[in-house]
Amino acid sequence: MAKNTNKTSGLPIYIVNGPNLNLLGSREPEIYGRATLADIESLCAARAKSHGRSIVFLQSNKEGDLVEYLQEARGMSCGVIINAAGYTHTSVAILDALQMIAQPVIEVHLSNPAARENFRHRSFVSKAATGIIAGLGANSYLLAIDALAALGATRKKTAAKKTTAKKPKKNSGGRK
Ligand code: CA2
């Protein structure tokens, strides 16, 4: 596992959940599974702990609250996992907030929106996401935690590691 030496090391993973996910487990289990959001929170806390990480687990039915959680995550997290639920497909405000986050952002979904109705095929969140995990029920969240741990959850989204290519020495046995 990559060593976490960046200044965000030690900060929690923010897990942000959008509208109606507070009702999980009560309806449409064939699409969203039987786990409640509280179940998913416990599973996430345990998985994060196994990577030496902690979580801040948040849910709101209000777009403005979600924007505020994401603004808070800029200075207070080592990475963000977001299931924006219905706002995935509509919210420019959430996209704008995500674009201001330097840490890695993983978009998650319980179902696979690409295999569902056309209106779910567009995701504003994807435009700002480092990666996307969908269609695996509660496991989507757990794999997103694994992904952040594997990334070190510290690397800036755009700043690729600088590599200084060594100049080949003249006549040093290289291909002629
Ligand atoms: O699959 C996902 O995780 C979604 O983000 C869930 C959203 C949906 O609008 C996205 O297209 C995909 C819907 C969340 C609705 O939550 C429910 C809670 C209880 C029962 C039924 C749905």
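**Leu-37**

I looked up the contacts of Leu-37 and, leaving aside its neighbours within four places in sequence, found Asn-17, Leu-21, Asn-22, Leu-24 and Gln-59; two residues are in contact if their C-beta atoms, placed from the backbone, lie within 7 Å. This is a predicted model, in which local features need pLDDT of at least 70 and side-chain atom pairs count only at pLDDT 80 or more, while totals for chains, interfaces and linings use all residues. Residues are numbered from 1 along each chain as its sequence is written.

I placed Leu-37 in helix α2, where helices (H or I, at least four residues) and strands (E, at least two) are DSSP runs numbered from the N terminus. Leu-37 has 17 other C-beta atoms within 10 Å and is therefore partly exposed; a residue is buried if 20 or more other C-beta atoms lie within 10 Å of its own, exposed if 12 or fewer, and partly exposed in between, with C-beta atoms placed from the backbone. From Leu-37 to Asn-22 I noted a C-alpha to C-alpha distance of 6.0 Å, with their positions 15 residues apart in sequence.

**Overall layout**

I then went through the secondary structure and noted five helices and five strands, which follow the pattern β-α-α-β-α-β-α-β-β-α when read along the sequence. Of the 176 residues in the protein, 34% are buried. Among contacts between residues at least 6 apart in sequence, 77% join residues at least 24 apart.

**Core**

I looked next for the largest nonpolar core, and it has 39 residues, with Ile-81, Tyr-141 and Ile-145 having the most contacts inside it; such a core is a set of buried Ala, Val, Leu, Ile, Met, Phe, Trp, Tyr and Cys residues joined through C-beta atoms within 7 Å. At least two residues of this core come from each of β1 (13–17), α2 (37–50), β2 (55–59), α3 (63–76), β3 (79–83), α4 (92–99), β4 (105–109) and α5 (138–151). The most is given by α5, with seven residues. In soluble globular proteins, nonpolar side chains tend to be buried together.

For Ile-81 I listed the contacts outside its neighbours within four places in sequence, and they are Ile-13, Ile-15, Ile-106, Val-108, Tyr-141, Ala-144 and Ile-145.

**α2 against α5**

I read an angle of about 25° between α2 and α5, with their axes 9 Å apart; axes are lines fitted to C-alpha atoms, for helices over the stretch in contact, and angles run from 0 to 180 degrees between N-to-C directions. The two helices, α2 and α5, are therefore roughly parallel to each other, since angles under 35 degrees count as roughly parallel, over 145 as roughly antiparallel, 65 to 115 as roughly perpendicular and the rest as oblique. The contact is made by Ile-40, Leu-43, Cys-44, Arg-47 and Ala-48 on the α2 side and by Ala-138, Tyr-141, Leu-142 and Ile-145 on the α5 side. By class I noted eight nonpolar, no polar and one charged residue in the contact of α2 with α5; Ala, Val, Leu, Ile, Met, Phe, Trp, Tyr, Cys and Pro count as nonpolar, Asp, Glu, Lys and Arg as charged, and the others, Gly among them, as polar.

**α3 against α4**

The axes of α3 and α4 come within 9 Å and cross at roughly 5°, and these helices, α3 and α4, are therefore roughly parallel to each other. I found Glu-63, Leu-66, Val-67, Leu-70 and Gln-71 of α3 meeting Ala-93, Ile-94, Ala-97 and Leu-98 of α4. The contact of α3 with α4 divides into seven nonpolar, one polar and one charged.

I followed Leu-66 further: it is found in helix α3 and, with 26 C-beta neighbours inside 10 Å, counts as buried. Leaving aside its neighbours within four places in sequence, Leu-66 is in contact with Val-16, Gly-18, Ser-60, Ala-84, Tyr-87 and Ile-94. Gly-18 is 48 residues from Leu-66 in sequence, yet the two are 7.1 Å apart in space, C-alpha to C-alpha.

**Positive phi**

Most residues other than glycine have a negative phi. I noted Glu-28, whose phi is near 45°, in the loop between β1 and α1 (29–32); with 12 C-beta neighbours inside 10 Å, Glu-28 counts as exposed. I also noted Ala-85, with a positive phi of about 50°, in the loop between β3 and α4; with 19 C-beta neighbours inside 10 Å, Ala-85 counts as partly exposed.
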